[in-house]
Amino acid sequence: MDRQMRYLEPGEQERARKLWSHAFPEDSEAFKDYYFKEKAEKSRILVKEEKGEIFAMLHRNPYRIRLRDREQVLDYIVGVATEAGRRHQGHMTDLLRQALLDARREGQAFCFLMPAAEAIYTPFGFRFVYDQPFPEIDGEAALKISRNPASEEKNFSELSEFMEHWLAERYQVYAVRDEAYARGLMDELASEDGVLERIYSENGRLAGLRAFWGLEKKEQRFLYLNGKTREKKSPRPAIMARIADLRSFLSLARLRQGTASEKMEAVLWIEDPFLKDNSGLWIWKLDKTGASAERAAGGFGGEPFVCDISQMAQWLLGYREWSELMPGRAVPKWMEQVERLKGIYLDEVV
């Protein structure tokens, strides 16, 4: 049988458009034009094909992600799809396993995605780590707002500088806003007839950015404001993440600055049924500048702290407390000395 799983070669990305159209009929032709021109060529598209026809696929879109005091290129997994007649045959499992194995070999701390349904990805170790907020301006009358089609935007430097500064003041995990990001964002908005609003304070300084998009009904895409906002409705779980390389992920931690100890060593037993290379006994070493993790070779003291890969992801990314993840179970005191990441903001929607 002429069936194989592989990554598409440069120049082949357009071949995935047919399956994308079948799987995501809600996407407009303009949006697909944008995606396959601007995003797909930078993406690594893993496919299953038979007799030259793609019947299952997964897109690994690379994003520069700020992780407190460092950056790493991480996969935003999109376009996971299988032909209707071939579903429930293990094709998505094969694609996800290969994509995660490759991300692990590349040293990616984690991968993330926006699920069509939570239940699809929980068996693979993905868990929610980010809730999408729905902010609106509180006291809009006091502000001056300039509104223009996103397609007419030219000052990408101003946009990127404002967004990067706004996010850096509030979050430790987010997609880096450089000029290339701002340009791509405007193209993305334009594909759905988007508009960008510049918001100015009374003294004429740029105080915020707000965008809307949608061909039939306009929806707010984002609001970054140095000013008072209120929640239009409660935030909803939006982005799920999954540890790829445990060693890289654990290195994101450090000791809290107020702790008496300058260094600390802990023993972990991590369970990862999907990526076996993450499973097992680990020595986690932390100081006030960072952390490292290596497999335990014996000779350690004390009982290891046991958890699974998804619990570690939600805890270290600051989304859940151990009391929520392990109700009724005692957590070692040394855990209180670990400084987790503070604030995750992944509002990508492609």
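Why is helix α8 (residues 309–316) largely enclosed by the rest of the structure? In this predicted model, 8 of the 8 residues of α8 are buried, so the helix is largely enclosed by the rest of the structure. The buried residues are Ile309, Ser310, Gln311, Met312, Ala313, Gln314, Trp315 and Leu316. Burial here means under 20% relative accessible area. Gly318 follows α8. The phi of Gly318 is positive, near 75 degrees.

A buried charge appears elsewhere in the chain. Asp245 sits in the loop between β14 (236–243) and α7 (246–250). Asp245 is buried, yet it has no salt bridge. Its nearest side chain of opposite charge belongs to Arg104, 4.3 Å away. A salt bridge needs a side-chain nitrogen of Lys or Arg within 4 Å of a carboxyl oxygen of Asp or Glu. Arg104 is nevertheless in contact with Asp245. Asp245 also touches Gly107, Gln108, Ala109 and Asn278. These contacts leave out residues up to four places away in sequence.

Empty space inside the model was examined next. The structure holds 1 cavity of 30 Å³ or more. The largest cavity contains about 40 Å³ of space. Its lining is made by Ser146, Asn148, Pro149, Ala150, Glu153, Leu196, Glu197 and Arg198. Two strands, β8 (144–149) and β10 (195–200), each supply at least two residues of this lining. By class, the lining of the largest cavity divides into 3 nonpolar, 2 polar and 3 charged residues. The charged ones are Glu153, Glu197 and Arg198. The nonpolar ones are Pro149, Ala150 and Leu196.

Open space was considered as well. The second largest pocket holds about 490 Å³ of space. This pocket is lined by 21 residues. Those closest to its centre are Lys39, Lys42, Pro62, Ala180 and Tyr181. Three elements, α2 (29–39), β3 (53–67) and α6 (179–191), give two or more residues to the lining of this pocket. Helix α6 gives the most, with 7 residues. The lining of the second largest pocket has 10 charged, 9 nonpolar and 2 polar residues. Among the charged residues are Lys39 and Lys42, both listed as closest to the centre.

Technical notes:
Residues are numbered from 1 along each chain as its sequence is written. This is a predicted model: local features need pLDDT of at least 70, side-chain atom pairs count only at pLDDT 80 or more; totals for chains, interfaces and linings use all residues. Side-chain values use heavy atoms; hydrogens and water are left out. On a 1 Å grid over the protein atoms alone, a cavity is a set of points where a 1.4 Å probe fits but cannot get out, and a pocket is an open set with protein on both sides within 12 Å along at least five of seven lines; lining residues have an atom within 4 Å of a point. Grid points are joined across faces, edges and corners, and a volume is the space filled by probe spheres set on the points. Helices (H or I, at least four residues) and strands (E, at least two) are DSSP runs, numbered from the N terminus. Buried means under 20% relative accessible area, exposed over 50%, partly exposed in between (1.4 Å probe, protein chains only). Lys and Arg count as positive and Asp and Glu as negative; His and the chain ends are not counted. Contact means heavy atoms within 4.5 Å.
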